[in-house]
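Student: Could we go through the charged pairs and the nonpolar core of this protein together?

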Amino acid sequence: MLYEQRPTMIKQLVVEADNRDKTILISTIILSDGVERVGKTGVAVTLSDNGVRTGIVYMIQLKNEKDAGRFYESLLQGTDRSH
């Protein structure tokens, strides 16, 4: 899930496990300069702790190139890096 706080446009990425408990695997504020496309189906996200970089980078693999592109664009939407 991608949450967006308005009007600040701060985005929070929350990734849950696909299990009955919906265990939270990642919960991080997205920094626009911490998001990169990797290959056709990957998006790399630098994790942050309340907006401060942790140095930890997660690679998120999506089903196909179209989904990866949409996800990447949604992470950057409203930032100085959006198209």
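The questions below take the salt bridges and then the core.

Tutor: Happily! Keep in mind that this is a predicted model, in which local features need pLDDT of at least 70 and side-chain atom pairs count only at pLDDT 80 or more, while totals for chains, interfaces and linings use all residues. Residues are numbered from 1 along each chain as its sequence is written, and side-chain values use heavy atoms, with hydrogens and water left out.

Student: How many salt bridges does a search of the whole structure find?

Tutor: Side chains of opposite charge can pair when their charged atoms come close. A salt bridge here is a side-chain nitrogen of Lys or Arg within 4 Å of a carboxyl oxygen of Asp or Glu. Searching the whole structure on that basis gives a total of six.

Student: Is lysine 11, the partner of glutamate 4, buried or exposed?

Tutor: The closest N and O atoms of glutamate 4 and lysine 11 are 3.9 Å apart. Buried means under 20% relative accessible area, exposed over 50%, and partly exposed in between (1.4 Å probe, protein chains only). Glutamate 4 is partly exposed at 28%. Lysine 11 has a relative accessible area of 2%, so lysine 11 is buried.

Student: How many residues apart in sequence are the parts tied together by arginine 81 and glutamate 36?

Tutor: These two side chains meet in a salt bridge of 3.4 Å, N to O. Arginine 81 lies in the segment after α1 (65-76) and glutamate 36 in strand β4 (residues 35-38), so the pair links parts whose separation in sequence is 45 residues. Helices (H or I, at least four residues) and strands (E, at least two) are DSSP runs, numbered from the N terminus.

Student: Which helix holds both arginine 70 and aspartate 67?

Tutor: Their salt bridge has its closest N and O atoms 2.6 Å apart. Arginine 70 is partly exposed at 49% relative accessibility, and aspartate 67 is partly exposed at 22%. The two residues are three apart, about one turn of the helix, and that helix is α1.

Student: Which element gives the most to the largest nonpolar core?

Tutor: A nonpolar core is a set of buried Ala, Val, Leu, Ile, Met, Phe, Trp, Tyr and Cys residues joined through side-chain atoms within 4.5 Å. The largest has ten residues, among them Leu13, Ile60 and Phe71. Two or more residues come from each of β5 (42-49) and α1. The most, four residues, come from α1.
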